[in-house]
Amino acid sequence: MDRRLFLQAAGALGLFAALPQAFAARLKPGASAALIVVDVQNCFIDGGTLPVKGGADVVPVINKLAGAFENIVVTQDWHTAGHASFASTYAGKKPFETTQLGYGTQVLWPDHCVQGSDDAALNKDLKLPTAQVIIRKGFHKGVDSYSAFEEADRKTSTGLAGYLKGRGIKTVYVTGLATDFCVAWTAMDARKHGFDAYVVEDATRAIDLNGSLAAAWKQMQAKGVKRIQSADILGA
Ligand SMILES: [Zn+2]
């Protein structure tokens, strides 16, 4: 069939009418999907102790996404004073250097998100009406936890996988701070625990320490985490 004939035939069959809809196909998170809002706390926003560049910009995007979800899980970095992930805990160490802990290499951070401080509070502009659970992580003094599922020793569970399974959740959409640490580890652990996992890129911001953002996307993609934009759910 030549091109002109094909176009006529396709037109007659109504194929073109279907095309705009196909291009605008949106993801529809239903009852078996959860939005995970990672660490949108004062500490990770300008004015906080470990600000992520543009961190505040995720809040309006996450608030809009929230309207599309029946299930929302919030996480909160929640450290003890003198935590193993703080540079100030070790003589002669500076933030963003590393040290070796029992479970492997630990990046050392400025003191941040100390339990009960204003710095550790969730950002006050978050509006998440269907959020029912907050997973607090990093509260064992000797163990960090980037992931919302497992602490950095890769043994201690936060209970999130069991919670989600108990609620019939099969797919998670991960948002928040920071893309290359807590968001990435959460999304990859979601895959490890058998969930479909999306990262909504424009609802995240990165720290990008020595190329960590590009490395994180590569690792996430290798584990089957899908990279999407909020418009893929909300429309343009
Ligand atoms: Zn932390």
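A cavity is a set of points where a 1.4 Å probe fits but cannot get out. Hold on to that, since we start with cavities. One caution before we go on: this is a predicted model.

How many cavities of 30 Å³ or more does the structure hold? There are 2. Take the second largest cavity to begin with. About 40 Å³ of space lies in it. Which residues line the second largest cavity? They are Asn-71, Ile-72, Val-73, Thr-130, Gln-132, Tyr-163, Arg-167 and Ile-169. Sort that lining by class, and you get 4 nonpolar, 3 polar and 1 charged.

Now the largest cavity. Its space comes to about 110 Å³. The lining is made of 16 residues. Closest to the centre are Phe-44, Leu-50, Asp-77, Tyr-146 and Cys-182. By class, the lining of the largest cavity splits into 10 nonpolar, 3 polar and 3 charged residues. Keep two of those names in mind, Tyr-146 and Cys-182.

Next, the cysteines. Cys-182 has no partner within reach. Why is there no bond here? The closest cysteine sulfur belongs to Cys-113, and at 8.7 Å that is too far for a bond. Is Cys-182 buried or exposed? Its relative accessibility is 7%, so Cys-182 counts as buried.

Cys-113 does have a bond, though, and the bond goes to Cys-43. The two sulfurs are 2.0 Å apart. The structure holds 1 disulfide, and you have just met it. Turn the model to look along the link. The angle about the S-S bond is 90°, and the link is right-handed. What does the pair tie together? Cys-43 sits in the loop between strand S1 (33–38) and helix H3 (58–66). Cys-113 sits in the loop between strand S4 (104–107) and strand S5 (131–137). The disulfide therefore ties together parts that are 70 residues apart in sequence. Both ends count as buried: Cys-43 at 0% relative accessibility, and Cys-113 at 0% as well.

On to the largest pocket. A pocket is open, unlike a cavity. The largest pocket has a volume of about 270 Å³. Its lining has 18 residues. Nearest the centre are Val-107, Tyr-146, Asp-180, Phe-181 and Trp-185. Which elements give two or more residues to this lining? They are S4, helix H5 (179–192) and helix H6 (212–222). H5 gives the largest share, 5 residues. By class, the pocket lining has 10 nonpolar, 6 polar and 2 charged residues.

Tyr-146 has now come up twice. It is among the residues closest to the centre of the largest cavity, and it is among those nearest the centre of the largest pocket. That takes us to the rings.

How many aromatic pairs does a search of the whole structure find? It finds 8. One of them joins Tyr-146 and Trp-185. Their ring centres are 4.9 Å apart, with 90° between the planes. That makes the pair edge-to-face. Tyr-146 lies in the loop between S5 and helix H4 (160–166), and Trp-185 lies in helix H5, so the pair ties together parts that are 39 residues apart in sequence. Now check the burial of each ring. Tyr-146 has 11% relative accessibility, so it counts as buried. Trp-185 has a relative accessible area of 28%, so it is partly exposed.

Another pair is Phe-149 with Phe-195. This one is tilted, at 6.0 Å centre to centre and 35° between the planes. Phe-149 lies in the loop between S5 and H4, and Phe-195 in the loop between H5 and strand S7 (196–205). This pair therefore ties together parts that are 46 residues apart in sequence. Phe-149 is buried, with a relative accessible area of 1%. Phe-195 is buried too, at 2%.

Ring pairs also build a cluster. Its members are Phe-96, Trp-109, Tyr-146, Phe-181 and Trp-185.

Last stop: charges over rings. What sits over the ring of Trp-78? The charged end of Arg-136 does, 3.7 Å from the ring centre. There is a case at Trp-217 as well. Arg-227 lies over its face, at 3.9 Å from the ring centre.

Terms used. Residues numbered from 1 in each chain as written. Predicted model: local features only at pLDDT ≥ 70, side-chain atom pairs only at ≥ 80, totals over all residues. Heavy atoms only, no water. Disulfide = S-S within 2.5 Å. Helix = DSSP H or I, 4+ residues; strand = E, 2+ residues; numbered from the N terminus. Buried < 20%, exposed > 50% of the residue type's maximum accessible area, 1.4 Å probe, protein only. 1 Å grid on protein atoms, 1.4 Å probe; cavity = no way out; pocket = protein on both sides within 12 Å on 5 of 7 lines; lining within 4 Å. Points joined across faces, edges and corners; volume = space filled by probe spheres on them. Nonpolar A, V, L, I, M, F, W, Y, C, P; charged D, E, K, R; others polar. Phe/Tyr/Trp six-rings, centres within 6.5 Å; stacked < 30°, edge-to-face > 60°. Lys NZ or Arg CZ within 6 Å of the ring centre and 35° of its normal.
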